[in-house]
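Me: I'd like a close look at one part of this model, the helix that carries half of a disulfide, and then how the rest of the chain fits around it. Could you walk me through that in one go?

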Amino acid sequence: MSGEKQAGATEPEFEARVRALLAGDASLVRPSPVPYPEIRRRGVLERRRRLAVGGAALAALAAVPVGAYALGGGSTTTSPAGPSPTVLASERPAPTRSASASASASPPAPSATPTAPARPASAAHQLLDGITFDQAAGGLGKCLDYNKANRLPKDPAYTDLGKPADYRIILAMRSTGDSNAPGDGYFVVAVREKPVPTRLICTVKDGAAAGLNTSGGDPFGDAKTPVVPDINSGKLYQQSVIDKGNWKLPFRWGIIGGYRASVATMTVSYGGGAGEVVLDHGWFVATGTLTKQVTAAPHLKGYDATGKLVYDSDQDASYEKTLP
């Protein structure tokens, strides 16, 4: 279309044609649609950004235990005295101490003071005839009480035998009454190392201590032999001389004594029958059951780790080989 009038056209016709052409062009022109999705997307992103900034600012405030920081500056404002604000825990787990570190950091529990005696090396071979450890320990306690109760006033020979926890029980077995000491019961044999080495043989009858034999000091004394039978343990393998040749049978017997480190094993026989020997912390404990009358004492032998015979009671001049 030209800005000049076309030739031959009158003024009214020209204006009419111009209006018609403009109206036709207007119907062909379409405005661009409003980009609503894009506008919405940008609005969402902007809102998220603002929320992120605000959240970071809140987290920074929560991490401050006392003061509150203004968002627009670096000055701090101290809050008045009062309970500290709650601090949110991080998702990262706090470091944990190892079990060993925890154990070393915690104070050790106080150990209870023992009241019972120590147990023998072999309960099966040293707690005999159905006597339990509790019974043996109870018998030992009665024997020690018996020792205190029968102390003579100002007795210079009296020795305080201590308490059950000082001892280790090395033998408990039934005792057979005889003409000199009627009534059956049981023996308890116990030893202690401190303050003075002590050996104790006690007889318990009818629930009470009925006899007590003790010795103190080094069980070897001046002996040079690797085995030393206890000189007083005859009461464990003998009946009264009044009943000689007429002992009550079967008869449970025992014999105890010291042994040195050079001794690895021992054997015992009595009345032609073999018994059992246990080595227990420097003490040997030999036991068996007699089924016939005898005139000779138990026969003991000791061997070193190679099996070599290092002790024979038949060759020991200090050992009583025959019975009284």
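Reply: Start with what helix 5 leans on: its buried residues pack against strand 3 (168-175), strand 4 (185-192), strand 5 and strand 6 (208-216). Bear in mind that this is a predicted model. The buried residues in question are Phe133, Ala136, Ala137, Gly139, Leu140, Gly141, Cys143, Leu144 and Asn147. As for its geometry, helix 5 has 17 residues and covers 24 Å from first C-alpha to last, close to the 24 Å expected at 1.5 Å a residue.

Cys143 deserves a stop. A disulfide links cysteine 143 to cysteine 202, with an S to S distance of 1.7 Å. Cysteine 143 sits in helix 5 (residues 133-149) and cysteine 202 in strand 5 (residues 198-205), so the bond ties together parts that are 59 residues apart in sequence. The torsion about the S-S bond is about -90°, so this disulfide is left-handed. Both cysteine 143 and cysteine 202 are buried, and the structure holds one disulfide.

Staying with strand 5, have a look at threonine 198, which belongs to that strand. Threonine 198 has 6% relative accessibility, so it counts as buried. Beyond its neighbours within four places in sequence, threonine 198 is in contact with Leu161, Tyr167, Ala190, Val191, Arg192, Ser215 and Gly216. The C-alpha atoms of threonine 198 and proline 219 are 8.6 Å apart, with the two positions 21 residues apart along the chain. Just upstream, the loop between strand 4 and strand 5 contains proline 195, and the peptide bond from lysine 194 to proline 195 is cis, with omega near -5°.

On the other side of helix 5, the loop from helix 4 (123-126) holds aspartate 129. Its phi is near 60°, a positive value in a residue other than glycine. Aspartate 129 is partly exposed, at a relative accessible area of 32%. For background, most residues other than glycine have a negative phi, and most peptide bonds are trans.

Now for the nonpolar cores. The largest has 20 residues, and those with the most contacts inside it are Tyr237, Trp253, Ile255, Tyr270 and Leu300. Strand 8 (251-259), strand 9 (265-270) and strand 12 (283-290) are the elements that give two or more residues to this core, and strand 8 has the largest share, four residues. A second, separate core of 19 residues includes Leu127, Ala136, Leu161 and Tyr167. Ala136 is one of the buried residues of helix 5, while Leu161 and Tyr167 are among the contacts of threonine 198. That brings the helix 5 story back to this second core.

Back in the largest core, tyrosine 237 is worth zooming in on. Not counting residues up to four places away in sequence, tyrosine 237 touches Trp247, Phe251, Trp253, Gly254, Ile255, Tyr270, Ala297, Pro298, Tyr319 and Leu323. Between helix 6 (234-237) and strand 8 there is a loop that holds proline 250, and here too the peptide bond, from leucine 249 to proline 250, is cis with omega near -5°. Further along, histidine 281 sits in the loop between strand 11 (276-280) and strand 12. Histidine 281 has a positive phi near 50° and is exposed, with a relative accessible area of 57%.

Two aspartates after strand 14 (309-312) finish the tour. Aspartate 316 lies in the segment after that strand. Aspartate 316 is buried yet has no salt bridge; lysine 321, the nearest side chain of opposite charge, is 6.1 Å away. Leaving aside neighbours within four places in sequence, aspartate 316 is in contact with Val227, Pro229, Tyr311 and Lys321. Aspartate 314 is in the segment after strand 14 as well, but at 41% relative accessibility it counts as partly exposed. Not counting residues up to four places away in sequence, aspartate 314 touches His299 and Lys321. The C-alpha atoms of aspartate 314 and proline 298, 16 residues apart along the chain, are separated by 9.8 Å.

Stepping back to the whole chain, there are six helices and 14 strands. Buried residues make up 31% of the 324 residues. Among contacts between residues at least 6 apart in sequence, 56% join residues at least 24 apart, and the disulfide from helix 5 to strand 5 likewise ties together parts 59 residues apart.

Note on methods:
Residues are numbered from 1 along each chain as its sequence is written. This is a predicted model: local features need pLDDT of at least 70, side-chain atom pairs count only at pLDDT 80 or more; totals for chains, interfaces and linings use all residues. Side-chain values use heavy atoms; hydrogens and water are left out. A disulfide is a pair of cysteine sulfur atoms within 2.5 Å. Buried means under 20% relative accessible area, exposed over 50%, partly exposed in between (1.4 Å probe, protein chains only). A nonpolar core is a set of buried Ala, Val, Leu, Ile, Met, Phe, Trp, Tyr and Cys residues joined through side-chain atoms within 4.5 Å. Contact means heavy atoms within 4.5 Å. Lys and Arg count as positive and Asp and Glu as negative; His and the chain ends are not counted. A salt bridge is a side-chain nitrogen of Lys or Arg within 4 Å of a carboxyl oxygen of Asp or Glu. The expected span of a helix is 1.5 Å times one less than its number of residues.
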